[in-house]
Amino acid sequence: MPRPFPLIALALLLTLPARAADLAVSTDFPGGAAQVTSIDQAARLITFKIPTPKQGGWQSWWYLKVSGITPGEAVSLAQTGGQNQAGRAVWSVDGKSWKYTESIPFEEKGKRALYRQKIDAAEAYFAWYQPYLPEHAQQLVKDATGKPGVETFELCKSEEGHPVVGLRFREGDRPDDKRLGVWIHARQHAWETGGSWTADGLARWLMSDDARAKNLRQIADITLIPIMDVDSVADGRGGKDQKPHDHNRDWIDEPIWAATKAAMARVKAMDAAGRLDLFIDLHDPGWAGNIEFWCHLYPRMTDPRKHNTDLFMAAGKREITGPFVYNGKAVSRYALTTPSSGIWATLKTKEKVVGGTFEIGVAPPRGYDADPPSHHLTCGKQIGLAVEAYLSDATRKP
């Protein structure tokens, strides 16, 4: 006859902690991208790399979901390789509200970047930076619909059939030929999501009741495109240096991308009619906590373009005051033969036009501890204030 199981042994078994569930990773959602190379279940460490994009180019964007977390435990992720690594990744339990991961020593670039975070949920999202997807651009359009002085439109359909959406800000009875023309677009490099968040902050200020936003709508005609390379964003690709070339190397006589082709047609028409005054391309350079205005023609400019550019940079220095602080100086780094939109805007347009690229990093500036993407949204508003100040300047040369 079998001996009864000792009650004390049974009690010990019942008090033993349950074995943690296995961690698992998924990327089957818009913008998802990661290739897991190993999961150390005991150490709760996921090692991954960025997949090689189907069109080539930078391996710089990643976005994944981790399940199997024991609420209250710390999960670690290690990124190996890639053209860009964040000093701190971001995480979210609902895919909506995001925070930076814990601050830990940053390992040598190109080898491994380590991220760790205690999670009080059974699953969580992690990403290079807070995603800005086509659904966010569509929400921006929805929120703008019906606002005074705002028109929403579709610039074109992308190669994969996604709508490339835009917003146009103009209010009042001022005739078109008396308005100042502004073109702003973001995300020609899909991984540079900070550019779209900056555009979003700018658009939300432009549609607001702020007196200076209203003044800008009265005197100007502003077009804003929050995502240019929609396909790469939706597919979770980096986009930069993709084959045969990326969107920001497509400002050529015969552009290949639908969004670039449509944007160039509109901008050329504005310039031919003498109605283009300001052209801004929004990027982010990666893990940097600063803002720069890249204007590669600047050392060779003649008046009045240089005069107007100086006025715009001075307006930026006055208005972009924090958390990012702009120093009012132009960065001239690329050869003028580079077929980027910022260079095109200063070589192929009328002399009154100010054109260039704002590079706005995703790292929070030193001493700033608010959650992402608050510093980009604030910077977008401040760029709007700089635009309003510049276009209102009576010394600007027409």
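Let's start at one end of a sheet: strand S15 (residues 291-294) runs parallel to S16, and the two pair over two bridges. Keep in mind that this is a predicted model. One spot to look for is Phe293, whose bridge partner in S16 is Ala330.

Now zoom out to the sheet itself. Eight strands make it up, in the order S10-S11-S13-S12-S14-S17-S15-S16, with mixed pairing, and the sheet is open. Its edges are strand S10 (150-157) and strand S16 (330-331), each of which pairs on one side only. Helix H7 (residues 305-319) packs on this sheet, touching strand S14 (278-283), S15, S16 and strand S17 (354-360). If you compare directions, H7 makes about 30° with S17.

Next, hop over to the S10 edge, where charged side chains come in. Glu151 and Arg168 meet there in a salt bridge, at 3.8 Å from N to O. Glu151 sits in strand S10 and Arg168 in strand S11 (residues 163-169), so this pair ties together parts that are 17 residues apart in sequence. Glu151 is partly exposed at 38% relative accessibility, and Arg168 is partly exposed too, at 24%. The pair also belongs to a network of salt bridges that links Glu151, Arg168, Arg170, Asp176, Asp221 and Arg275. Another salt bridge joins Lys157 to Glu154, with the closest N and O atoms 2.8 Å apart. Lys157 counts as partly exposed at 45% relative accessibility, and Glu154 does at 40%.

For a salt bridge between buried partners, go to Arg396 and Asp277: their side chains meet at 3.8 Å, N to O, and both residues are buried. Arg396 lies in the segment after H9, while Asp277 is in the loop between helix H6 (258-272) and S14, so the pair ties together parts 119 residues apart in sequence. Across the whole structure, a search turns up 25 salt bridges.

What about the nonpolar interior? The largest nonpolar core has 112 residues, and Trp62, Leu155 and Phe358 touch the most other members. Helix H9 (residues 374-391) is the top contributor to this core, giving eight residues. Take Leu155 as a way in: beyond its neighbours within four places in sequence, Leu155 contacts Val164, Trp183, Ile225, Met228, Ala259, Ala262, Ala263 and Arg266.

One last stop is Ser196, in helix H3 (residues 193-206). Is Ser196 buried or exposed? Ser196 is buried, with a relative accessible area of 0%. Setting aside residues up to four places away in sequence, Ser196 touches Tyr132, Ala186, Arg187, Pro226 and Ile227.

Technical notes:
Residues are numbered from 1 along each chain as its sequence is written. This is a predicted model: local features need pLDDT of at least 70, side-chain atom pairs count only at pLDDT 80 or more; totals for chains, interfaces and linings use all residues. Side-chain values use heavy atoms; hydrogens and water are left out. A nonpolar core is a set of buried Ala, Val, Leu, Ile, Met, Phe, Trp, Tyr and Cys residues joined through side-chain atoms within 4.5 Å. Buried means under 20% relative accessible area, exposed over 50%, partly exposed in between (1.4 Å probe, protein chains only). Helices (H or I, at least four residues) and strands (E, at least two) are DSSP runs, numbered from the N terminus. Contact means heavy atoms within 4.5 Å. Two strands pair if DSSP finds at least two bridges between them. Axes are lines fitted to C-alpha atoms, for helices over the stretch in contact, and angles run from 0 to 180 degrees between N-to-C directions. A salt bridge is a side-chain nitrogen of Lys or Arg within 4 Å of a carboxyl oxygen of Asp or Glu.
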